[in-house]
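Student: I would like to go through this model term by term. Please set each value against its definition before you conclude anything.

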Amino acid sequence: KALLLADDRMALSELIYYVKPHPFDAVIWNPSGKIDNHFALTTNLQRHIGKDFVFVVAPKNIASIKKHFSNTKKIETIFIKIHKDYALRYDVYLLENFMGYR
């Protein structure tokens, strides 16, 4: 089972709220280990070495993240409609075999 992963506290909060069923086992990308939000305090990706993740991120270059996984594949770009004239936009990747932050 792939876990939900995001690199932003707000994005992770939005995803946990809007995705059904709620992915309460979601984790945040935090290679620095800095504790500056609830998810950084309560999740630790290092505990999931060898696991696969569905990485949901605002569109950007993720080269620095890809190197920590044995395989990465962009699945699609999704839009989560919040209001009739506004949607959240995310790129969705399958990241396989987390090798740790180092």
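Tutor: Start with pLDDT, which is the predictor's confidence in each residue, on a scale from 0 to 100. The model is predicted, and its chain averages a pLDDT of 94.

Student: What share of the residues score at least 70?

Tutor: 100% of the residues do. Local features need a pLDDT of at least 70. By element, confidence is lowest in α1, with a mean of 89, and highest in β2, at 97.

Student: How do you know that β4 and β5 are paired?

Tutor: Two strands pair if at least two bridges are found between them. Strand β4 (residues 69–83) and β5 have 12 bridges, in the antiparallel sense, so the definition is met. One bridge joins H83 to its partner Y86 in β5. The two strands form a hairpin, with 2 residues between them.

Student: Which other pairings of β3 can be set against that definition?

Tutor: Strand β3 (residues 53–57) runs antiparallel to β5, with 5 bridges; here V56 stands opposite V92. Strand β1 (residues 3–6) runs parallel to β3, joined by 3 bridges, and L4 stands opposite V54. Both counts satisfy the requirement of at least two bridges.

Student: What makes the pairing of the sheet mixed, and what is the strand order?

Tutor: The open sheet has 5 strands in the order β2-β1-β3-β5-β4, and its pairing is mixed. The parallel sense appears between β1 and β3, and the antiparallel sense between β3 and β5.

Student: Why does one side of β2 and of β4 lack a neighbour in the sheet?

Tutor: Both stand at the edges, each with a single partner strand, so one side of each is left without a neighbour in the sheet.

Student: Why is V54 called partly exposed?

Tutor: Buried means under 20% relative accessible area, and exposed means over 50%. V54, in strand β3, has 25%, so V54 falls in between and counts as partly exposed. Beyond residues up to four places away in sequence, V54 touches A2, L3, L4, L5, V92 and Y93. V54 and L41 are 13 residues apart in sequence and 21 Å apart in space, C-alpha to C-alpha.

Student: What is unusual to check at N97, and is N97 buried or partly exposed?

Tutor: N97 has a positive phi of about 60° although it is not a glycine. N97 is found in strand β5 (residues 86–98). Its relative accessible area is 31%; this lies between the 20% and 50% cut-offs, so N97 is partly exposed.

Student: What makes a set of residues a nonpolar core?

Tutor: The members are buried residues of the nonpolar kinds, joined through side-chain atoms within 4.5 Å. The largest core has 15 residues, and those with the most contacts inside it are L5, W29, L45, F53, F55, F69 and L95. β1, β3 and β5 each supply at least two residues of this core. A second, separate core of 14 residues includes I16, I80, Y90 and V92.

Student: Which residues does F69 contact, leaving aside neighbours within four places in sequence?

Tutor: F69 is in contact with L5, W29, F53, L95, E96, N97, F98 and M99. Of these, L5, W29, F53 and L95 are also listed among the residues with the most contacts inside the largest core.

Student: Where is the cis peptide bond?

Tutor: The bond from K20 to P21 is cis, with omega near -10°. P21 lies in the loop between α1 (9–18) and β2 (27–28).

Technical notes:
Residues numbered from 1 in each chain as written. Predicted model: local features only at pLDDT ≥ 70, side-chain atom pairs only at ≥ 80, totals over all residues. Heavy atoms only, no water. Helix = DSSP H or I, 4+ residues; strand = E, 2+ residues; numbered from the N terminus. Buried < 20%, exposed > 50% of the residue type's maximum accessible area, 1.4 Å probe, protein only. Contact = heavy atoms within 4.5 Å.
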